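Hi,

Here is the structure I said I would pass on. Have a look at it first, and then read on for what turned up.

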Amino acid sequence: MFAYCTSLRVATLSGTISSGCTSLHSMFDSCNALQKVVLSTSFDCSSVTTTANMFAGCYSLHTIENFPTTFDASWTNASGMFKSCYSLVTVPTFTCYASNISNMFELCQSITTIPITFATYRDWE
């Protein structure tokens with residue numbers, strides 16, 4: 001959607017933007033000037049199955065506001081979701097049901113807090 005928008009600094013997304021959407025794959029991939037993402041409080045992730053590389057390569061990203069606190073059990077792929085987010089100090093609190101979390105925080109050299117609950121398979125049933 002916004003991948004490779006290298007001059008984008010702030011993304012403010014309003015309304016119910018992902019209702020029925022199953023993939024947020026590479027949504028902001030390589031937006032290397034992006035510093036802040038503000039999501040609508042009605043950001044609907046109930047159908048999302050992949051967030052792979054969603055913020056990958058967002059070197060300047062330091063703030064994500066109103067990130068959904070939970071995705072449903074159909075969410076399976078979060079690989080590389082925050083990969084190379086060098087400026088990110090913390091990620092929003094959320095429950096992760098994804099079975100593939102490989103490289104989720106790779107090269108996040110400034111991160112100090114990861115307040116994520118990783119749900120077990122039993123929680124999915």
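Before the sheet, one cut-off: two strands pair if DSSP finds at least two bridges between them. On that basis there is an open sheet of three strands in the order β1-β2-β3, and the pairing is parallel. β1 and β3 (63–65) are the edge strands, each with a single partner, so each has one side without a neighbour in the sheet. From one strand to the next the twist averages 5 degrees. Bear in mind throughout that this is a predicted model.

Now the chain as a whole. It has one helix and five strands, and starting from the N terminus the elements go β-β-β-β-β-α. There are 125 residues, of which 42% count as buried. If you take the contacts with a separation of 6 or more, 68% of them come from residues 24 or more positions apart. The chain exposes about 6,100 Å², with carbon and sulfur atoms supplying 49% of that.

Back to the sheet for a moment, at the β2/β3 side. These two strands run parallel and are joined by three bridges. V38 stands opposite E65 in β3, and E65 turns up again below in a salt bridge with K36.

How many salt bridges does a search of the whole structure find? Two. Here they are:

- K36 and E65: their side chains meet at 3.2 Å, N to O. K36 lies in strand β2 and E65 in strand β3, so this pair ties together parts that are 29 residues apart in sequence. K36 counts as partly exposed at 28% relative accessibility, and E65 also counts as partly exposed, at 32%.
- K83 and E106: the closest N and O atoms are 3.7 Å apart. K83 is in the loop between β3 and β4 (94–96) and E106 in the loop between β4 and β5 (116–118), so the pair links parts that are 23 residues apart in sequence. K83 is partly exposed at 27% relative accessibility, and E106 is partly exposed with a relative accessible area of 31%.

The residue I would point you to next is D29. It sits in the loop between β1 (10–13) and β2 (36–39). Which side chain of opposite charge is nearest to D29, and how far away is it? It is K83, at 8.8 Å. A salt bridge needs a side-chain nitrogen of Lys or Arg within 4 Å of a carboxyl oxygen of Asp or Glu, so a gap of that kind does not qualify. D29 is therefore buried yet without a salt bridge, whereas K83 forms one with E106. As for what surrounds D29, leaving aside its neighbours within four places in sequence, it is in contact with A3, Y4, N53, M54 and A56.

One more buried spot is S79, in the loop between β3 and β4. S79 has a relative accessible area of 15%, and because buried means under 20%, it falls in that class. Again leaving aside neighbours within four places in sequence, S79 is in contact with A52, N53, N100, I101 and S102. N53 is on the contact list of D29 and on that of S79, which may be a handy place to start when you open the model.

Cheers

Definitions and conventions. Residues are numbered from 1 along each chain as its sequence is written. This is a predicted model: local features need pLDDT of at least 70, side-chain atom pairs count only at pLDDT 80 or more; totals for chains, interfaces and linings use all residues. Side-chain values use heavy atoms; hydrogens and water are left out. Helices (H or I, at least four residues) and strands (E, at least two) are DSSP runs, numbered from the N terminus. Buried means under 20% relative accessible area, exposed over 50%, partly exposed in between (1.4 Å probe, protein chains only). Lys and Arg count as positive and Asp and Glu as negative; His and the chain ends are not counted. Contact means heavy atoms within 4.5 Å. Axes are lines fitted to C-alpha atoms, for helices over the stretch in contact, and angles run from 0 to 180 degrees between N-to-C directions. Accessible areas come from the Shrake-Rupley method with a 1.4 Å probe; for residues, only the protein chains shown count as cover.
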